[in-house]
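The following exercises concern strand pairing, burial, pockets and cysteines. Please attempt each task with the model at hand before reading its solution.

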Amino acid sequence: MKITTLEKELSTNSYPGRGIVLGKSKDGKKAVIAYFIMGRSVNSRNRIFEENDRGGIRTKAFDESKMEDPSLIIYNPVLKLDGKTIVTNGDQTDTIYDFMKEGHCYRHALLTREFEPDAPNYTPRISGVVKPNGDYVLSILKSNMGKPQCLRYFFEYPAQAGIGHFIHTYKCDGDPIPSFEGEPTPVEIDGYIDAFTSMIWDNLNEDNKVSLFTRFIDLETNEEETRIVNKNK
């Protein structure tokens, strides 16, 4: 696969849905993480990110009076455990956390889960884990060409300076919305956290973007820089 840019991937797709980017900074010193959410419905757009008490973030209703069904939109997208950072688009974050806490692999956790029960879209569950040395894994649990049969894919990557991989829930907008296809897309990682954050936010579709989380982790000191951007303020 050819290495592309996040700008191109995001600016040419009005609805990638929820997306995860994992990689390594160009100087090779930091692990890089991004997670964003988008929405088409009032319920999906009525959200913000805020920090949780386990080293990550949670989603929260911006206006509680407009919350309709929290089951698939309120969760912990990011959690930390023993130097590892877990990033997902649903409550499987907690499933991975619980399995890893018991000494199991993230794969074992995801073998107990499948795509979201939101027929006919069957939204994929995308997940990633960043290891203390910067290496990372990604996964997608998706329907079988729109049929309610779960296909599970796992990808493992050694960290490479200036390179990341991007996976998202939907191939593009549609009705029903088509699931992501193929391997995670290799993308360039460039710039410090503020420039990286602005680049992603500015290239997400203005009508559909909701919230963005980014984090740079120093691989020597484990110091973290985190940014949260919410459309709802």
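Five exercises with worked solutions follow.

This is a predicted model, in which local features need pLDDT of at least 70, side-chain atom pairs count only at pLDDT 80 or more, and totals for chains, interfaces and linings use all residues. Residues are numbered from 1 along each chain as its sequence is written, and side-chain values use heavy atoms, with hydrogens and water left out.

**Exercise 1. Strand E7 and its neighbours**

Task: Determine how many residues of strand E7 are buried, and identify the strand that E7 pairs with over 6 bridges.

Solution.
- Step 1. Helices (H or I, at least four residues) and strands (E, at least two) are DSSP runs, numbered from the N terminus. Strand E7 covers residues 125-130.
- Step 2. Buried means under 20% relative accessible area, exposed over 50%, and partly exposed in between, with a 1.4 Å probe and protein chains only. By this criterion, 6 of the 6 residues of E7 are buried.
- Step 3. In a regular strand the side chains alternate between the two faces of the sheet. In E7, Arg 125, Ser 127 and Val 129 point one way, while Ile 126, Gly 128 and Val 130 point the other way.
- Step 4. Two strands pair if DSSP finds at least two bridges between them. Strand E6 (residues 84-88) is joined to E7 by 4 bridges in an antiparallel arrangement, with Thr 85 opposite Val 130.
- Step 5. E7 also pairs with E8, in the antiparallel sense and over 6 bridges. Ile 126 has Ile 140 of E8 as its bridge partner, and Val 130 has Tyr 136 of E8.

**Exercise 2. Two hairpins around strand E8**

Task: State how many residues separate E7 from E8 and E8 from E9, and which turn residues have a positive phi.

Solution.
- Step 1. Between E7 and E8 there are 5 residues, and the two strands form a hairpin. Gly 134 in this turn has a positive phi of about 100 degrees.
- Step 2. E8 and E9 form a hairpin with 2 residues between them. Here Met 145 in the turn has a positive phi of about 55 degrees.
- Step 3. The antiparallel strands E8 and E9 are joined by 9 bridges, and Ser 139 stands opposite Phe 154 in E9.
- Step 4. As for burial, 9 of the 9 residues of E8 are buried.

**Exercise 3. The open sheet**

Task: Give the strand order of the open sheet of 6 strands and name its edge strands.

Solution.
- Step 1. The order is E11-E10-E1-E2-E12-E13, with antiparallel pairing.
- Step 2. Strand E11 (185-188) and strand E13 (224-230) are the edge strands, each pairing on one side only.
- Step 3. Between E12 (residues 209-218) and E13 there are 7 bridges in the antiparallel sense. Phe 213 stands opposite Ile 228 in E13.

**Exercise 4. Pockets and a cavity**

Task: Compile the volumes and linings of the two largest pockets and of the largest cavity.

Solution.
- Step 1. On a 1 Å grid over the protein atoms alone, a cavity is a set of points where a 1.4 Å probe fits but cannot get out; a pocket is an open set with protein on both sides within 12 Å along at least five of seven lines; lining residues have an atom within 4 Å of a point. Grid points are joined across faces, edges and corners, and a volume is the space filled by probe spheres set on the points.
- Step 2. The largest pocket contains about 390 Å³ of space. It is lined by 20 residues, of which Ser 41, Ser 44, Ile 73, Asp 118 and Tyr 170 are the closest to its centre.
- Step 3. The second largest pocket contains about 230 Å³. Among its 14 lining residues, Ser 143, Met 145, Gly 146, Pro 178 and Ser 179 lie nearest its centre. Strands E8 (136-144) and E9 (147-157) each supply at least two lining residues, and the largest share, 3 residues, comes from E8.
- Step 4. There is 1 cavity of 30 Å³ or more, with about 30 Å³ of space. Its lining consists of Ser 71, Leu 72, Ile 74, Tyr 75, Gly 90, Asp 91, Glu 116 and Arg 125.

**Exercise 5. Cysteines**

Task: Count the disulfides and classify Cys 172 by accessibility.

Solution.
- Step 1. A disulfide is a pair of cysteine sulfur atoms within 2.5 Å. The count is 0. For Cys 150, the nearest cysteine sulfur is that of Cys 105, 16 Å away.
- Step 2. Cys 172 counts as partly exposed because its relative accessibility is 29%.
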